[in-house]
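Okay, thanks for making time, everyone. I've got one structure for you today, so let me put it on the screen and we'll walk through it together.

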Amino acid sequence: AIEAGDSVRLETDVTNVDRAVGGVLSNAVSTAHGGDGLPDDTVSLDLEGTAGQSFGAWLAPGITLTLTGAANDYVGKGMSGGKVVVNTPNEAPFDPATNTLIGNVALYGATDGELYVNGTAGERFAVRNSGVKAVVEGVGDHGCEYMTGGVVAVLGDVGRNFAAGMSGGVAYVYDPDDELAEKANAGMVSLETELTDQDEAMLRRLVQNHETYTDSDRASTLLGTWSAARDDFVKVMPDAYADAIAE
């Protein structure tokens, strides 16, 4: 199917001894089709269980990994395309918006693709992200650290030192209690409380995608009250990036 460019969908289990799931698959796609890979969602894997480290690492364009369960550290490390979706199981006895679903250092060095997490992430989410669009329902300390590109939407709480060393890309954080100013590292970024029409269009599309791919209750609630919810988002904008756009 990969060599012919045919669509294929597989279902299987995954455990925490399965590391870098999708890595060999991505190599096969890149070998057959080069860096451009395949059209979106050509190869889809529906997985269930707990993935080991580096789930979706180096993912190639055209591959979609949908995991129902949880994943350890380095989700999407170095990914260069494709889509990763991590869902909380329907029978889980906890609120996804308050439960850590993926580990630390997700999207380290990633350059392209999409990530949707129906739950919260550990520390250093999107560290050195330089191109991925991601939606997550909360992050631990040091979120978006050294980020240089891409877009991150956080639909819940963030930990301390958010956006430290962030020089590119943009983040939107849902902040109804006005706590972000105390948690963000403002050394290289500015916090903007009024979104432009372009910001709102981008953010709403990401939240809609999140609802579509994960059936997130948080996303559904925000979309259902969008006229009010949008005013509670704060845009985190790197100063150097803003200057470059202005020029």
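**A helix, some strands and a lysine**

So, let's start at the end of helix 1, where the next residue is Gly 34, and its phi is positive, near 75 degrees. Before I go on, keep in mind that this is a predicted model.

Now back up into helix 1 itself, residues 23-33. Which residues are buried there? Those are Gly 23, Ser 26 and Val 29. They sit on the same side of the helix, because the arc they cover around the axis is only 120 degrees. If you want the textbook background: an α-helix has 3.6 residues a turn, so residues three or four places apart point the same way. Flip to the other side of helix 1 and you get Val 24, Asn 27 and Thr 31, which are exposed. And what do the buried residues of helix 1 pack against? That's strand 3, residues 63-71.

Okay, on to the strands. Strand 10 covers residues 168-174, and 7 of the 7 are buried, so the rest of the structure largely encloses it. It has strand 9, residues 148-154, running parallel to it, with 5 bridges joining the two. If you want a pair to click on, Val 151 has Val 170 in strand 10 as its bridge partner.

Strand 10 also pairs with strand 12, residues 233-238, this time antiparallel, over 4 bridges. There you'll find Tyr 172 opposite Lys 235 of strand 12.

Strand 12 is mostly covered too, with 6 of its 6 residues buried. Phe 233, Lys 235 and Met 237 point one way, Val 234, Val 236 and Pro 238 point the other way, and all are buried. That's the usual pattern: in a regular strand the side chains alternate between the two faces of the sheet. Strand 12 also pairs with strand 11, residues 189-192, antiparallel over 4 bridges, and there Val 189 stands opposite Pro 238.

Last stop, Lys 83, which you'll find in strand 4, residues 80-87. Is Lys 83 buried or exposed? Its relative accessibility is 7%, and the cut-off for buried is under 20%, so it counts as buried. What does its side chain talk to, then? There's a polar contact of 3.1 Å to the side chain of Asp 41, and another of 3.3 Å to the side chain of Tyr 213. Leaving aside neighbours within four places in sequence, Lys 83 also has contacts including Leu 59, Ile 63, Glu 114 and Tyr 116.

That's my tour, thanks.

Definitions and conventions: Residues numbered from 1 in each chain as written. Predicted model: local features only at pLDDT ≥ 70, side-chain atom pairs only at ≥ 80, totals over all residues. Heavy atoms only, no water. Buried < 20%, exposed > 50% of the residue type's maximum accessible area, 1.4 Å probe, protein only. Arc of directions from axis to C-beta. Contact = heavy atoms within 4.5 Å. Pairing = 2+ DSSP bridges. Polar contact = N/O pair within 3.5 Å; in protein donor to acceptor, adjacent residues only side chain to side chain.
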